[in-house]
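Here are some notes to go with your first look at this one. Have the structure open while you read.

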Amino acid sequence: SGHGYEGCSENEFLCRNGHCVSAVMLCNGIDDCNDQSDERNCSVAACGLHEFQCSNSTVCIPKYQLCDGNHDCASGADESDHLCEEKAMQPGSCGELEFICRSGQCIELQSACDNFPDCSDGSDEVNCNRNECLEANGKCSDYCWDLPLGYECACPTGLDLINHFICDDVDDCRNSDLCDQICVNLHGSYLCDCYQGYQKNPHTGTCQATGEEPFMIVTNHRDIKRINMNRMEYLEIADGLDNARALSLDISSSTIYWSDETRRGIFRMSIDQNRRDIRQILGDVQRAGGIAVDWIYSHIYWTDSGAKTLSLATLDGLKRKTLFSKNLMEPAAIAVDPESSFLYWADIGEPPKIEKAGLNGAGRRILVNIGIEKPTAIALDHIKKRLYWADSGLHELFYTDLNGQRQSSVFHSQKYLANPFGLAVFEDCAYWSDVEGKAVYSANKFTGTNVKVLASDLTEPRGLVVFHKLMQPIVLNWCVREHAACEYLCVPAPYTDQNYACLCPDGMIPDSTGHTCGKETNSSTPSQERGDSSTSSQDREDSSTSSQERGDSSTSSQEREDSGTSSQERSDSGTSSQEEIDPDHLDAVSVGIIALIVVLIGIVMCCAAVHWRMILGHVKISRCYSPVHLNAENSMICNGQRMDSVSQQSLL
């Protein structure tokens with residue numbers, strides 16, 4: 001056999017029977033000559049990329065004939081169980097930029113309809129030069145693009161192709177990082193906007209705070225510095241300190257609060273030029289890991305890694321309460337959100353975690369405990385409703401939503417996140433201090449890009465806050481609105497109908513009213529760890545209420561003493577009810593009062609009985625002293641009566 005014989009072209013093969021077939025059909029496993037001459041003397045190299053060589057043979061068959069139920073190979077190798085199992089586990093289509101031939105081959109898409117058959121069966125040159133878009137726009141709702149082979153539908157910007165033909169609007173705002181603050185979805189597009197107090201930068205499109213220029217405050221071991229956020233300038237606002245660490249502030253009063261580990265306390269100072277006197281508000285703080293001011297309810301919360309507690313107090317330090325003292329290994333940074341009534345804190349002990357609870361101590365739960373190693377700094381983003389944290393173990397900045405459902409890494413840096421301590425989020429940036437780097441940095445809070453050094457060559461930068469009124473938005477104070485009459489502390493309370501709760505000093509719990517602290521507990525364990533303090537108080541009997549005697553005077557004192565724990569109360573109509581008193585709920589004073597009352601009642605009744613007997617005897621005796629002269633018979637009767645009365649008196 002050969003090429004170029006008379007009657008066949010240069011690209012054709014002359015069969016033994018005189019027929020001419022395309023040269024590409026040689027050794028393709030198909031009897032194109034009808035005499036098998038085109039399938040003889042085939043070598044292994046004759047099998048193409050999309051062909052299968054039959055075992056113990058030089059015959060090649062198209063791969064699309066594999067496992068089709070027909071034995072195309074004489075040995076039946078194309079239908080073997082092993083081969084078909086492997087084929088079932090392989091994808092059955094070509095790539096997006098490839099054209100699938102009817103034979104099962106995959107060729108480059110640009111090779112289709114190029115007037116040269118690249119498929120072994122020539123299927124890539126069939127139905128070419130046909131514009132399907134001319135027929136009803138190819139059934140496309142918007143755009144129809146004609147291709148060399150076939151066509152495809154397309155959509156305008158902002159719309160998505162949902163079923164190969166129809167374009168529909170998509171919510172671009174599903175991407176929460178698309179806008180700095182507010183994202184408004186439009187038909188086919190979206191719009192970014194800013195909250196009140198911010199304005200959009202015309203050049204960058206980001207939201208910037210209006211009003212006074214923001215600045216940072218950082219504790220620096222023996223001093224506290226004020227740092228300009230737009231240029232590397234800082235001013236010392238407090239010095240001569242021992243070991244300033246954690247930091248928080250109350251913007252409305254221009255007051256900063258910090259912990260001093262050496263002096264084991266929490267201090268405050270006004271940053272006004274005219275009033276910079278330092279005052280200690282809390283003592284007995286072993287090692288404060290973090291502090292946070294609730295600027296709405298005027299409380300300060302702090303963690304103590306030495307005592308393994310989380311506590312709160314009024315801003316003057318006069319009233320104090322331990323919220324948690326269990327399951328805290330090494331509590332560190334803390335943040336509060338008075339708008340939602342929650343607080344968040346990090347624990348860098350083992351196991352490390354970030355927790356969440358109500359500002360009243362209720363509903364405590366773990367927020368993050370996976371993909372975390374040493375969360376030394378946390379901060380709330382009130383605009384995006386996120387919690388950011390810096391991990392000094394992983395050297396990475398993260399954020400999560402406030403339910404801990406969606407976590408994301410912002411950026412990783414061994415250099416800039418060597419040992420972060422303080423963290424704040426403002427506008428579109430995150431700001432943090434790094435103890436090891438002795439510097440303060442900033443970066444984009446969405447991407448981690450545009451890292452800047454705001455202060456360097458510091459001594460030991462730790463606590464960090466941003467001073468701007470928008471950092472502490474004014475929200476509703478439920479204790480003021482509801483006119484809460486709490487005896488000790490009033491705090492916001494999630495999960496409750498009244499939205500606030502009354503807290504009592506350690507070792508005390510609210511009474512049945514929920515407002516007054518009148519009952520001591522048997523343990524110093526904070527009430528929040530036994531349950532929500534705002535709801536844990538139970539209705540109890542007033543142990544100081546004495547039993548009252550009403551109704552039938554024939555009720556004996558013995559019956560009242562035998563009852564021990566009940567008192568009989570009768571109304572004017574004679575209706576009675578019995579109210580049980582639980583002795584476990586009575587304190588020592590109340591028990592003493594009741595015992596005294598019972599003894600007094602017994603003495604009074606005994607005296608009354610004796611007195612009644614004496615009066616009765618006197619009446620009987622007095623009947624014998626009559627002015628009438630008695631005869632002998634009457635005298636004998638009288639003498640008998642006297643004898644009886646004497647005997648009665650002797651019995652008494």
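The points below go from the whole chain to one sheet, and then to confidence.

1. First, keep in mind that this is a predicted model. The protein has 652 residues, and 43% of them count as buried. Strands make up most of the list of elements: there are 44, along with 5 helices.

2. On the surface, expect an accessible area of about 35,600 Å², with 49% of it belonging to carbon and sulfur atoms. As for contacts, take those between residues at least 6 apart in sequence: 37% of them join residues at least 24 apart.

3. A good place to zoom in is an open sheet of 4 strands, ordered 22-23-24-25 and paired antiparallel. Strand 22 (288-294) and strand 25 (320-324) each have a single partner strand, so they stand at the edges with one side lacking a neighbour in the sheet. From one strand to the next, the twist averages 20 degrees.

4. Inside that sheet, look at strand 23 (residues 299-304) and strand 24 (residues 309-314), which are joined by 6 bridges in the antiparallel sense. If you want a residue to steer by, Trp302 stands opposite Ser311 in strand 24.

5. Now for confidence: how high is the average pLDDT of the protein? The average is 79, and 75% of the residues score at least 70. Two stretches deserve some caution. Residues 530-586 stay under 50, and the model gives them 66 contacts beyond four places in sequence. Residues 619-652 are also below 50, with 10 contacts beyond near neighbours in sequence. Where pLDDT is low, the predicted coordinates should not be read in detail.

Definitions and conventions:
Residues numbered from 1 in each chain as written. Predicted model: local features only at pLDDT ≥ 70, side-chain atom pairs only at ≥ 80, totals over all residues. Heavy atoms only, no water. Helix = DSSP H or I, 4+ residues; strand = E, 2+ residues; numbered from the N terminus. Buried < 20%, exposed > 50% of the residue type's maximum accessible area, 1.4 Å probe, protein only. Contact = heavy atoms within 4.5 Å. Areas by Shrake-Rupley, 256 points an atom, 1.4 Å probe, with all protein chains shown as cover. Pairing = 2+ DSSP bridges. Axes fitted to C-alpha atoms, helices over the stretch in contact; angles between N-to-C directions. pLDDT = per-residue confidence, 0-100.
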